[in-house]
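Reader: I have a chain open and want to talk through its layout. Can you take questions as they come?

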Amino acid sequence: MRSYDTGLAPMDADAGDGWDARGGWDARGGWEAVPGIPAVPGVRMAGFRDRAAGGLHKRVLPRPDVVVVIGFGEDPFTVDGATGRQSVRSFVAAPAPGPARVAGERVECVEMRLSPPAAYALLGGVLPHVPDRPVVGLDEVWGRQERQLRERLPEAASWEERLALVDEFLTRRAARAPAMAPEVVAAWEHIVTRRGRVRVGELAASCGWSRKRLWSRFTAQIGLTPKRAAMLVRFDHAARALRAGRSAADTALACGYTDQPHLHRDVLAFAGCTPGALAARAAAPTRRSTEGRNP
């Protein structure tokens, strides 16, 4: 059983997940992965297959993006989070308030990472992030179009053809998609550029809105309050630093935390563990076992 710590499939080139920077998955892990080049801005995409049939058991950390997984293998995914357990074929995971676990057998899927502006467009103008349902079935968002797309994927002759089908679907949706308010897009990009080290008053002033209006419009279109979005972006950078072997003290200083206790509180809130435990999981060797088949 393979265990990963970021994203819902092993897509990261820079987080120690095993994704080969040259564009392929480490064959020793038994995974086949093919990256795609989507035409829609703000989308990253790849196809994954568990060739070794070892199964997927993965602890997922919150990220400042929206993850869409279209599964077309024989078995559904099991998603365990703060709100309980769900069994889904395809799903959307918005930036969540805490860690979750995803499990699956004989996994075959296409995973997409969407920036919030891209998610706003491709998911119909309403992010599925609500406090009690951070993960929802993709059929609830795309309706019968999700089933039609999912059923076409296994019929395709190659990964390139599957990814092209998904890309064509996204391109059609983007052509008639609602547009996020330019002020909200600018506020989000400012948060990302500053790595979360920004104040709400500064954001409001930069777009010419009142704090109240920014808070309302940003939350409605991004799915997080401006303050929570900034905290999540900052945590994402801190988690990457810790997983790369940086000390908690250095990470707190580099990522703009007041002190180590401040970093400790944020990591505990988002990852459900201490900074030391997060770093230790990244350093631990990957092993194949039956542990966690029923997380």
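Author: What follows is a short run through the sheets, one helix and the cores of this predicted model.

Reader: Start with the sheets. What is the strand order in the open sheet of four strands?

Author: The order is β3-β8-β5-β6, and the pairing is antiparallel. Neighbouring strands there are turned by 15° against each other on average, with direction ignored.

Reader: Which strands stand at the edges?

Author: β3 and β6 (84-88) do. Each has a single partner strand, so one side of each is left without a neighbour in the sheet.

Reader: And β8, is that one enclosed or open to the outside?

Author: Strand β8 covers residues 100-104, and four of its five residues are buried, so it is largely enclosed by the rest of the structure.

Reader: How many bridges join β3 to β8?

Author: Five, with strand β3 (residues 56-60) running antiparallel to β8. One of the pairs is Val 60 with Ala 100 in β8. Strand β5 (residues 77-81) is joined to β8 by three bridges, also antiparallel. There, Asp 80 has Arg 101 as its bridge partner.

Reader: What about β5 and β6, how many bridges?

Author: Five bridges, in the antiparallel sense. Thr 78 stands opposite Ser 87 of β6.

Reader: What holds strands together in general, parallel or antiparallel?

Author: Strands of a sheet pair through backbone hydrogen bonds, and either direction can occur.

Reader: Next sheet. In what order do the six strands come?

Author: β1-β2-β9-β4-β7-β10, as an open sheet with antiparallel pairing. β1 (31-36) and β10 (135-137) are the edge strands, each pairing on one side only. The average turn between neighbouring strands of this sheet is 20°, direction ignored.

Reader: Which residue in β9 is the bridge partner of Val 69?

Author: Glu 111. The two strands involved, β4 (residues 66-71) and β9 (residues 108-114), pair over six bridges in the antiparallel sense.

Reader: Change of topic. Which strands does helix α4 lie across?

Author: Helix α4 (residues 159-175) lies across β1, β2 (43-50) and β9, and runs at about 145° to β2.

Reader: How far does α4 reach from its first C-alpha to its last?

Author: 24 Å over 17 residues, which is close to the 24 Å expected at 1.5 Å a residue.

Reader: Which residues of α4 are buried?

Author: Among them are Trp 159, Leu 163, Val 166, Phe 169 and Leu 170. The buried set also includes the charged-type names Arg 162, Asp 167 and Arg 173.

Reader: What do the buried residues of α4 pack against?

Author: β1, β2 and β9, together with the helices α1 (116-122), α2 (139-142) and α3 (144-152).

Reader: Now the cores. Which residues of the largest nonpolar core touch the most other members?

Author: Ile 191, Leu 214, Phe 218 and Phe 235, out of 37 residues. At least two residues of this core come from each of α5 (182-193), α6 (200-207), α7 (211-222), α8 (226-243) and α10 (260-271). The largest share, nine residues, comes from α8.

Reader: What is Phe 218 in contact with, leaving aside neighbours within four places in sequence?

Author: Its contacts include Val 184, Ala 187, Trp 188 and Ile 191, as well as Gly 223, Leu 224, Thr 225, Pro 226 and Ala 229.

Reader: And the other core, how many residues?

Author: That core has 28 residues and lies apart from the largest one. Val 68, Val 92, Ala 118 and Leu 123 are among its members.

Notes
Residues numbered from 1 in each chain as written. Predicted model: local features only at pLDDT ≥ 70, side-chain atom pairs only at ≥ 80, totals over all residues. Heavy atoms only, no water. Core = buried A, V, L, I, M, F, W, Y, C linked by side-chain atoms within 4.5 Å. Buried < 20%, exposed > 50% of the residue type's maximum accessible area, 1.4 Å probe, protein only. Contact = heavy atoms within 4.5 Å. Pairing = 2+ DSSP bridges. Axes fitted to C-alpha atoms, helices over the stretch in contact; angles between N-to-C directions. Expected span 1.5 Å × (residues − 1).
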